[in-house]
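Hi,

Here is the structure I promised to pass on to you. Please have a look at it first, and then read on for what turned up.

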Amino acid sequence: MDLVNSYKGVVGLVFGNEKSSSSNEDSYVERLLDCISNGKLAEDRRTAMVELQSVVAESSGAQLAFGAMGFPVMMGVLREERDDVEMIRGALETLVGALTPIEHSKVPKNEIQPALMNTDLLSREADSISLLLSLLSEEDFYVRYYTLQLLTALLTNSPNRLQEAILTIPRGITRLMDMLMDREVIRNEALLLLTYLTREAEEIQKILVFEGAFEKIFSIIKEEGGSDGGVVVQDCIELLNNLIRKNASNQILLRETIGFDPLMSILKLQGSTYSFTQQKTINLLSSLETINLLIMGGSEADPGKDGNKLANKTTLVQKKVLDHLLMLGVESQWAPVAVRCAALQCIGNLIIGHSKNLDAIASKVLGEGPQEPALNSILRIILRTSSVQEFVAADYVFKSFCEKNADGQKMLASTLIPQPHSMTHAPLEEDVNMSFGSILLQGLTMSENEVDLETCCRAASVLSHVMKDNIQCKEKVLHIELEAPTPSLGASEPLMYRVVKYLALSSSMKNKDGKSSGNAYIQPILLKMLVTWLADFPSAVHCFLDSRPHITYLLELVSSSSATVFIKGLAAVLLGECVIYNKSGESGKDAFTVVDSISQKVGLTSYFLKFDEMRKSFLFTSARSAEPPKQLTRSASAGMVESEDVEENNLSDQKDEDLPVLSSIFDAAFVNLVKSLEANIREKIVEVYSQPKSNVAVVPAKLEQKSGESDGEYVKRLKEFVEKQCFEIQDLLGRNASLAEDVAATGGASHSRSEQGTGSDRVHVEALRRDLQEASKRLELLKAEKAKIESEASMYKNLAGKMESDLKSLSDAYNSLEQANFQLEKEVRGEKGVGSSAFPDVDAIRAQAREEAQKESEAELNDLLVCLGQEQSKVEKLSGRLLELGEDVDKLLEDIGDDMGLPADGEEEED
């Protein structure tokens with residue numbers, strides 16, 4: 001009855017006292033329950049159970065009424081009538097119907113659904129879960145089947161309670177595992193239940209592994225036909241992924257017991273390699289998710305994560321996983337785009353930070369006839385694919401290959417040899433014997449139209465990975481010279497000039513044609529390459545500044561109204577690199593010239609504003625390290641019908657189609673680079689404005705010697721002019737430094753008033769600044785003097801307290817002596833009363849002792865009064881000084897006066 005009372009309380013709280021429109025159903029359900037619990041004839045009770053099952057499955061009002069009255073009746077049937085199989089079946093089906101939401105129900109969505117409330121109430125009772133698990137051992141097929149369905153319904157709506165209840169029941173997990181060896185229908189239902197059960201419960205995951213879950217999962221997958229199987233294979237792989245997700249111990253058990261061979265057999269394409277059904281695609285994607293989970297190694301908090309990750313990567317490559325991934329991602333052109341992207345993503349995750357795997361991918365060759373290095377094939381995919389997602393995934397392979405792999409970068413850079421002019425416009429597929437660098441340079445130097453610009457920007461993205469943090473590779477690329485389009489025009493053209501030209505062309509095409517596919521990420525990728533190239537490499541900066549139009553174009557790009565926030569920000573970063581890495585002393589190319597150009601054409605405030613706008617943008621703030629994709633569940637894969645690109649579906653609500661590419665550009669590493677560059681740029685501009693420009697001589701015409709002017713007078717006039725100019729120059733440099741500091745500190749503010757103000761305003765501000773500095777210095781001196789005086793006052797206060805303590809001690813000693821004398825006098829009087837006359841004159845002795853004590857006390861008191869007088873004079877002088885400083889002297893001396901007054905009063909009373 002506790003279950004009923006709790007349900008009625010919840011129903012009353014939610015629905016209030018409103019009369020239900022289904023009151024007839026309530027009474028009907030009540031009569032059926034009464035017949036089931038109190039009926040005499042077994043046939044009548046079975047009939048009532050069938051009718052109750054039907055009405056509960058079709059009416060939400062009946063579900064509500066059943067929840068208020070029916071659970072005790074059904075639990076009683078399941079507990080006490082095990083021999084009546086029909087009644088057990090009926091009770092289980094009725095419970096399943098009560099826990100299943102009715103789609104066509106007219107209950108408003110903002111109201112609590114009866115099915116959810118029934119689930120909550122049933123899951124609150126641990127005994128009910130134990131009773132249901134015990135039914136799994138029944139011989140009847142339908143009893144086991146409906147029991148699993150009922151547990152799945154409970155788990156869907158109340159997962160945490162069911163997980164806790166199952167963990168507390170002896171052999172609860174074991175009974176569920178046994179169902180995997182049952183008939184196919186029950187096995188599949190148990191598999192689905194275990195999949196739900198293991199999504200978040202780590203303890204249940206461990207128990208299942210020790211119960212032999214891995215062996216049973218791979219056995220079922222093999223029986224169903226591997227990746228060619230149906231949804232059961234998907235459920236098995238999802239259960240497998242749940243068991244190893246962020247769980248290093250389970251991954252170790254899988255690696256050291258069964259091994260990764262069964263997983264490789266799932267990835268291996270069988271039969272017709274061009275046949276990819278929707279279910280096969282989902283199965284392969286789930287298997288690739290398994291690979292990624294193994295590569296992760298475990299949760300971030302696990303201390304053994306790195307070691308387990310390294311062991312998993314090593315073992316996977318030993319099991320030839322690279323061959324299967326290359327087949328899915330590169331060689332199998334019939335594979336869906338989603339599978340190809342996921343396979344390439346796995347390759348990138350597998351090789352990053354692992355020297356042996358990097359060597360393995362570098363030495364791989366593909367093809368049955370003419371063979372080609374795997375990296376060359378992946379590069380061809382980047383340059384020719386029509387899928388943006390496939391470009392991003394393939395680019396990630398090169399990003400992972402070049403990450404902290406200087407030897408690999410040098411190996412790729414060593415192949416960067418330009419092809420003859422006759423080969424530059426040949427199709428990318430024409431010669432499989434071309435080197436990696438030749439293919440890359442061919443992509444960078446194709447004809448200047450919109451399609452080829454996209455190819456060029458993709459090649460530039462790969463080249464930026466090759467040059468990242470590697471001065472030798474940057475030097476190698478810097479000295480690449482391309483043939484001039486027309487040999488009669490003269491010398492060859494540096495690669496950097498060609499890239500800047502493509503940057504300008506992409507901007508003009510966008511302005512001409514409007515919004516066109518791919519153009520939104522062409523300029524950011526080219527700018528990122530240039531930023532990476534110039535970073536910490538003065539030679540590249542010198543080459544860039546050799547052509548004056550480069551700076552002019554960047555200044556126009558920064559101030560362009562049509563450019564995006566990212567393009568303006570990256571152009572500003574590139575200009576800043578021309579300042580901080582500028583080692584040139586040549587006039588017109590030095591850092592001062594660049595800063596002066598920025599100040600005149602853009603304005604320092606507006607320039608720094610570009611950094612702030614980019615830093616506050618969504619892509620910049622959301623940039624983070626690559627994370628594994630969300631787990632692929634049944635619900636997630638349901639939206640893949642008639643889909644060729646899962647990632648595009650996931651981003652279908654984004655208005656910007658190029659968001660995935662921009663997200664890959666603004667990854668965590670590049671964002672951190674831009675942040676560090678921004679700080680250095682601000683600091684360097686302040687430094688440039690604070691120092692005079694070198695090698696500048698100003699000789700006005702009026703300084704010529706006048707006719708009739710003596711040499712001495714001429715020299716004197718020149719000296720006065722030079723001194724005046726020196727003072728003016730120093731003043732201007734000081735104001736420039738202050739201006740630069742203010743702009744650097746308030747880069748996100750609106751246009752500075754200093755750019756709009758008049759000369760008189762600046763003079764006034766400078767005067768106020770000096771007055772403020774002088775006032776600050778004077779205030780600091782006064783604060784120091786005040787602190788010194790307060791320290792002395794505190795010292796004297798402590799000294800007075802010590803003297804007060806000494807005086808109190810002397811007074812206590814005097815009182816003690818008086819008490820001793822009084823006691824002695826009392827004893828003497830007692831002896832006199834007895835009649836003894838042999839004692840000396842006590843009165844004389846007492847008088848003598850009192851006289852001596854009084855003399856000693858008076859001497860000490862006189863010394864103390866002298867000291868107090870001296871201290872009083874010091875206090876008066878200090879009080880006068882504190883009054884001059886504006887301090888409240890009475891407040892400082894209040895405590896001292898009070899404390900010194902108390903003992904004095906006490907002494908007067910004792911006297």
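Of the 911 residues in the protein, 46% are buried. Please keep in mind that this is a predicted model. The fold comprises 44 helices and four strands. Among contacts with a separation of 6 or more, 73% join residues that are 24 or more positions apart. As for the surface, the accessible area is about 47200 Å², and carbon and sulfur atoms contribute 52% of it.

The aromatic side chains may interest you: the structure contains 13 aromatic pairs. One of them is formed by F391 and Y521, with ring centres 6.2 Å apart and planes at 25 degrees; that angle is under the 30 degrees cut-off, so the pair counts as stacked. This pair bridges distant parts of the chain, since F391 belongs to helix α23 (residues 388-402) and Y521 to helix α29 (residues 519-534), 130 residues apart. Are these two rings buried or exposed? F391 has 3% relative accessibility and so counts as buried, and Y521, at 0%, counts as buried too.

There is also a cluster to look at, in which ring pairs connect F141, Y142, Y145 and Y146. F141 has a charged partner as well: the charged end of R183 sits over its ring, 4.2 Å from the centre. Elsewhere, K528 places its charged end over the ring of F670, at 5.2 Å from the ring centre. K528 also lies within the residue range of helix α29, given as 519-534.

Happy to talk it through whenever suits you.

Best wishes

Conventions
Residues numbered from 1 in each chain as written. Predicted model: local features only at pLDDT ≥ 70, side-chain atom pairs only at ≥ 80, totals over all residues. Heavy atoms only, no water. Helix = DSSP H or I, 4+ residues; strand = E, 2+ residues; numbered from the N terminus. Buried < 20%, exposed > 50% of the residue type's maximum accessible area, 1.4 Å probe, protein only. Contact = heavy atoms within 4.5 Å. Areas by Shrake-Rupley, 256 points an atom, 1.4 Å probe, with all protein chains shown as cover. Phe/Tyr/Trp six-rings, centres within 6.5 Å; stacked < 30°, edge-to-face > 60°. Lys NZ or Arg CZ within 6 Å of the ring centre and 35° of its normal.
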